[in-house]
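Here is a small set of exercises to work through with the model open beside you. Try each task before you read its solution.

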Amino acid sequence: MTGPAGRAARSSSGRRRGTRAVRPVEPVPPLPPEDPPPGIDREALTRTVAMVNDKGGVGKTSLVANLAGQFAAAGYRCLLVDLNRQANLADDLGFRDGPADDRGAGLLVSVVAGTPLRPVEGVRPGLDVVAGGARLVDLVPLMVSRVQEQGREAFLALAEVLAPVAGDYDLVFIDCPPETTILTDLALAAARWVLMPTKSDGGGLVGMRLVGERFALARELNPDLGLLGAVLFATGSRSRVVHAEVREAVEEAFGGHSPLFTTSIRHAERTAQDARRLGRLAHELEQEVAAQPAWWAALREGGGGSARRLSPTAASVAGDYRDLGVELLTLLRATEESATGSTIPGARPDQEATP
């Protein structure tokens, strides 16, 4: 594996030492093991990560798309499940209104019928997607009805249809919608880990506290669930004061645990606009920026004044995602090895793979 993806991959796999020291965090551990509900293969879900914050606009979809995109480029097999009715993953990955975009119909049918999910393969090499979209509006009243009939165990519906396919992947990310708690509860009942992006403003931190409340309820149904950590997204400051404030908010929301990733994703408005407009991920924009002619060369050839140039900040943003991916996989491997004494199947120690 060559290029940025391969470099970060070798950093996590131990084949090559990275240039940046990763300060380990201490995730909220799962509850003591219990017998899993019959019919759900929790082992298959062991690397399923729900990206959750009840506040919108804090980077959930961007993190899901960019982390999975870099992992896939490095050789991991990744699955994305989009529970958002806005389906912004379709924009970030560039498949809006294409053959992969069923607007959530496949996901809805699987949950209704209790049949395994059928991901769309190859949205990127090694990256498959279960699309979200407007059809998921029908999932909310369905779940309300089921909860009335079955109680909270109805929220195991996503776990039941995801587990049969999750074992085919090295990492599964669930992109959760803001403020739709029923769909978030489906994700929390299926996931092994929660990853929470937040901004340093009040709204993101309030959303994080609301997740803390739902997290505690979800662990009654899914005792395997653990908090992997919180990530500062689109922040203009890396000061210790900002990190300390966010760490304190995480600790308050999650009963004394305050795992905050060392890496934060910087604010870069132009790069964010370029990414969504073109359906490109940060590392893909980074490559295109490197390939575009210098501004003076484009001007000399007559295109400098009219062609919209990509922002060079894409390289910095892509670097942030790479660092976060290395930190994420390092933490996953550490928790897996701590729990079992060795890397579990799926950790892929022989694979040259990190973002």
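A residue counts as buried under 20% relative accessible area, as exposed over 50%, and as partly exposed in between. Keep in mind that this is a predicted model.

**Exercise 1. Two positive phi values**

Task: Find out where Asp 97 is placed, and decide whether Asp 97 is buried, partly exposed or exposed.

Solution:
- Step 1. Look in the loop between helix 3 and helix 4 (105–113), for that is where Asp 97 sits.
- Step 2. Asp 97 has a relative accessibility of 56%, so this residue counts as exposed.
- Step 3. Now check the backbone: Asp 97 is not a glycine, yet its phi is positive, about 65 degrees.
- Step 4. Set Ala 87 beside it. This residue, also other than glycine, has a positive phi near 55 degrees.
- Step 5. Ala 87 belongs to the loop between strand 2 and helix 3 (88–92). With 1% relative accessibility, Ala 87 counts as buried.

**Exercise 2. Strand 4 and its partners**

Task: Describe which way the side chains of strand 4 point, and work out how strand 4 pairs with strand 2 and with strand 3.

Solution:
- Step 1. Start from a general rule: side chains in a regular strand alternate between the two faces of the sheet.
- Step 2. Apply it to strand 4 (residues 127–130). Leu 127 and Val 129 point one way, while Asp 128 and Val 130 point the other way, and all of them are buried.
- Step 3. Turn to strand 2 (residues 78–82), which pairs with strand 4 in the parallel sense over four bridges. Here Leu 80 has Val 129 as its bridge partner.
- Step 4. Strand 3 (residues 120–124) runs antiparallel to strand 4, and two bridges join them. Val 129 turns up again, as the bridge partner of Val 120.
- Step 5. Follow the chain from strand 3 to strand 4: they form a hairpin with two residues between them. In the turn, Gly 126 has a positive phi of about 80 degrees.
- Step 6. Go back to Leu 80 and look for Asp 175. The two are 95 residues apart in sequence, but their C-alpha atoms are 7.4 Å apart in space. Asp 175 is part of strand 5 (residues 171–175), and at 1% relative accessibility it counts as buried.

**Exercise 3. Three salt bridges**

Task: The structure holds twelve salt bridges. Take the pair Arg 77 and Asp 128, the pair Arg 266 and Asp 320, and the pair Glu 288 and Arg 280, and say what each looks like.

Solution:
- Step 1. The side chains of Arg 77 and Asp 128 meet with N and O 3.2 Å apart. Arg 77 is in the loop between helix 2 (60–73) and strand 2, and Asp 128 is in strand 4, so this pair ties together parts that are 51 residues apart in sequence.
- Step 2. Compare the cover of the two ends. Arg 77 is partly exposed at 35% relative accessible area, whereas Asp 128, at 3%, counts as buried.
- Step 3. For Arg 266 and Asp 320, the N to O distance is 2.7 Å. Arg 266 is in strand 8 (residues 265–266) and Asp 320 in helix 13 (residues 314–340), so parts that are 54 residues apart in sequence are tied together.
- Step 4. Arg 266 counts as partly exposed at 33% relative accessibility, and Asp 320 as buried at 2%.
- Step 5. In the pair of Glu 288 and Arg 280, the closest N and O atoms are 2.5 Å apart. Glu 288 is partly exposed at 29%, and Arg 280 is partly exposed at 31%.

**Exercise 4. An enclosed strand**

Task: Explain why strand 7 can be called largely enclosed, and name the strands it is joined to.

Solution:
- Step 1. Nine of the ten residues of strand 7 (residues 226–235) are buried, so the rest of the structure largely encloses this strand.
- Step 2. Strand 6 (residues 193–198) runs parallel to strand 7, joined by six bridges. Across this pairing, Pro 197 stands opposite Val 231.
- Step 3. Strand 8 is also parallel to strand 7, with two bridges between them. Phe 233 stands opposite Ile 265 of strand 8.

**Exercise 5. A charged patch**

Task: Which residues form the negative surface patch that includes Glu 245?

Solution:
- Step 1. Find Glu 245 in helix 9 (residues 240–253). This residue is partly exposed, at 45% relative accessible area.
- Step 2. Add Glu 248, Glu 251 and Glu 252, which form the negative patch together with Glu 245.

How values were computed. Residues are numbered from 1 along each chain as its sequence is written. This is a predicted model: local features need pLDDT of at least 70, side-chain atom pairs count only at pLDDT 80 or more; totals for chains, interfaces and linings use all residues. Side-chain values use heavy atoms; hydrogens and water are left out. Buried means under 20% relative accessible area, exposed over 50%, partly exposed in between (1.4 Å probe, protein chains only). Two strands pair if DSSP finds at least two bridges between them. Patches are made of residues with over 30% relative accessible area and no salt bridge: like charges are joined within 9 Å, nonpolar side chains (Val, Leu, Ile, Met, Phe, Trp, Tyr) within 5 Å. Accessible areas come from the Shrake-Rupley method with a 1.4 Å probe; for residues, only the protein chains shown count as cover. A salt bridge is a side-chain nitrogen of Lys or Arg within 4 Å of a carboxyl oxygen of Asp or Glu. Lys and Arg count as positive and Asp and Glu as negative; His and the chain ends are not counted. The place of a charge is taken as NZ of Lys, CZ of Arg, CG of Asp or CD of Glu.
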